[in-house]
Amino acid sequence: MMAAGLYQTAAGILERTQRQQGGVKTLVYNSKYPNIKQLYALVCETLRYSDVLQEIISSSNLLKEEKKLKMNLAKVLVYDLLFGKGLKGSGGWKATLQKHRARLQAELARLKIRRKVSRNEDLLAPLAGASEALLPRYVRVNPLKTSTDDVIDYFKRQGYTYLGQASSVQELGHLSGKQFLTDCHVPELLVFSPRTDFHQDFLYRSGHIILQDKASSLPAFLLDPPLGSHVIDACAAPGNKTSHLAAILKNTGKIFAFDLDTKRLATMSTLLLRAGVTCHEMANQDFLQVEPRDPKYMSVTHILLDPSCSGSGIVDRLNQLTDDEKSSCEERLLALAAFQRKMLGHALSFPAVQCVVYSTCSLHQQENEDVVQDALERNGTFRLVSVLPSWTQRGLDTFSDAACCLRASPAETLTNGFFVALLQRKREGEDCREAFSMSCNSADVELPLKRVSASTKHQKRKGNRV
Ligand SMILES: C[S@@+](CC[C@H](N)C(=O)[O-])C[C@H]1O[C@@H](n2cnc3c(N)ncnc32)[C@H](O)[C@@H]1O
């Protein structure tokens, strides 16, 4: 069989593993491809590089320019072109890919610079060697118990040196010893050098500070419900985002917090008590079973949805996957993505809801951009809001509004891997394109109603959210 058959066959196997139609070994063997060893190596290597390939293909716009080329075939071809022994065969896809060779190589080079690596192999574990200990220590001040100024003074008295507000993420990466800064994006966050441990500190044990990664503090910060709002935290336990919402609400209004897991809810109860949260109502309930038209939820205007996900962005869990693990992971991803789509669709169905923030600690497009795109396609009355314009890492370029979303990673944002999207109900008569140009690409950004009416001081504090 010709080499062209090799790529098509490999792409078909990738497709079938995603559809849970078998393990890699079985599918390769059943393919009847004459050179089983060659096919197996190509499929396995493409799977190993899958996330890297996806990023390169997406940032080079390859699929937009080659409309007939599908992602899995693109992955095997780009793998062989950039990381393998070079494309085999002649004509067909080989000629097509050669046209894009320079751009693909440039995207690979850019990715290596971003991740500060020089060898291709180091991209495989972009976070290799990275551990939680290498990320800055983020400390969220809990205004229900204290003030930022008091916390800064406290740490100064403990011998720490306060360097003021950071102007960039890079500055956060240069902290050493007992230095600390105020974060450049989230004003309620203080940032300390890696390995600073406050788990035994009085402020932590008394709920004055919350130890929470910066990325995970983005959903509540971006949702930013006005005082007195009714908010749902759909998957709330162990409650870090619930306590952040309560802090933003200053314990006014109501937070309906749901979770399925009793043990996690028990932990949450302790944490919320410690954090001085009083505006919540916890329920051990499946969010999908919560009736949107129940009069109890008729005033819910804001929903935070942080559902179960693969957790692939969490630094400590970023292990290199073996080939078999990778394929079973693909199967699990499909199931998770289906669940996440249902959850987001359900959140958007609450009659009074105006803003929904969707987040995961996953790196996978299936759990992130794909879920949001699906929700927008099914719910024409919602649009994406472009959040934090100064945030460099945006959603993968998989649909036209994806850049409105945020991604986070240890290499680029000095956080765990994360994804956040903010969906907002359109005003009456607002069409999709209009909404997109206002929300994503224009300096003249449409502000949510509450922000327009907010005081100047309030506006200044929140001004960098959208
Ligand atoms: C990523 S964790 C949430 C973390 C939480 N938002 C925080 O910041 O502390 C996802 C949670 O969703 C819960 N969960 C999963 N399916 C659910 C469902 N159908 N309804 C409500 N909660 C669910 C899980 O038990 C888990 O606690």
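This report describes the nonpolar cores, the ligand shell, selected helices and several loop residues of a predicted model.

## Nonpolar cores

The largest nonpolar core is made up of 47 residues. Within this core, the residues with the most contacts are L172, L218, L222 and L223. Helix α12, which spans residues 218-223, is the element that gives the most to the core, contributing 5 residues. Residues of the core come from both domain 2 (132-211) and domain 3 (215-445), so the core lies between these two domains.

A second core, separate from the one above, has 39 residues. Among its members are V43, C44, L69 and L104.

## Ligand shell

There are 20 residues around the ligand, and those that come nearest are K241, D259, R264, D286 and D306. Sorted by class, the shell holds 10 nonpolar, 4 polar and 6 charged residues. Two helices, α13 (240-249) and α15 (323-348), each supply at least two residues of the shell.

Polar atoms of the protein approach the ligand from both side chain and backbone. A polar side-chain atom of R264 is 2.6 Å from a ligand oxygen atom. From the backbone, a polar atom of P238 is 3.4 Å from an oxygen atom of the ligand, and a polar atom of L260 is 3.5 Å from a nitrogen atom of the ligand. On its own the ligand has 600 Å² of accessible area, of which the protein covers 89%.

## Helix α13 and the loops beside it

P238, whose backbone contact with the ligand is given above, is found in the loop between β6 (230-233) and α13. The peptide bond that joins A237 to P238 is cis, and its omega is near 10°.

Helix α13 itself is mostly covered, with 9 of its 10 residues buried. The buried residues are K241, T242, S243, H244, L245, A246, A247, I248 and L249. K241 is also one of the residues that come nearest to the ligand. After the helix comes K250, which has a positive phi near 50°. N251 is found in the loop between α13 and β7 (254-259). The phi of N251 is positive as well, near 60°, in a residue other than glycine.

## Helices α15 and α16

Q340 is placed in helix α15, one of the helices that supply residues to the ligand shell. Q340 counts as buried because its relative accessibility is 0%, against a cut-off of under 20%. Its side chain reaches the backbone oxygen of S308 at 3.1 Å.

Helix α16, residues 369-378, is mostly covered too, with 7 of its 10 residues buried. The buried residues in α16 are E369, D370, V371, V372, D374, A375 and L376.

## The loop between β11 and β12

Two residues of the loop between β11 (382-385) and β12 (406-408) are described here. L388 is found in this loop and has a positive phi of about 40°, although it is not a glycine. With a relative accessible area of 0%, L388 is buried.

D401 lies in the same loop, between β11 and β12. At 8% relative accessibility, D401 also counts as buried. The D401 side chain makes a polar contact with the side chain of S400, at 3.0 Å. The C-alpha atoms of D401 and F192 are separated by 34 Å, and the two residues are 209 residues apart along the chain.

## L135 and its distance to L172

L135 lies in the loop between α8 (120-124) and β1 (137-141). The relative accessible area of L135 is 7%, so L135 is buried. Along the chain, L135 and L172 are 37 residues apart, while their C-alpha atoms are separated by 9.4 Å. L172 is one of the residues with the most contacts inside the largest nonpolar core.

Note on methods:
Residues are numbered from 1 along each chain as its sequence is written. This is a predicted model: local features need pLDDT of at least 70, side-chain atom pairs count only at pLDDT 80 or more; totals for chains, interfaces and linings use all residues. Side-chain values use heavy atoms; hydrogens and water are left out. A nonpolar core is a set of buried Ala, Val, Leu, Ile, Met, Phe, Trp, Tyr and Cys residues joined through side-chain atoms within 4.5 Å. Buried means under 20% relative accessible area, exposed over 50%, partly exposed in between (1.4 Å probe, protein chains only). Helices (H or I, at least four residues) and strands (E, at least two) are DSSP runs, numbered from the N terminus. Domain bounds come from an automatic or database domain assignment. A residue is near a molecule or strand if one of its heavy atoms lies within 4 Å of it. A polar contact is a pair of N or O atoms within 3.5 Å; within protein, one must be able to donate a hydrogen and the other to accept it, and residues adjacent in sequence count only if both atoms are side-chain atoms. Accessible areas come from the Shrake-Rupley method with a 1.4 Å probe; for residues, only the protein chains shown count as cover. Ala, Val, Leu, Ile, Met, Phe, Trp, Tyr, Cys and Pro count as nonpolar, Asp, Glu, Lys and Arg as charged, and the others, Gly among them, as polar.
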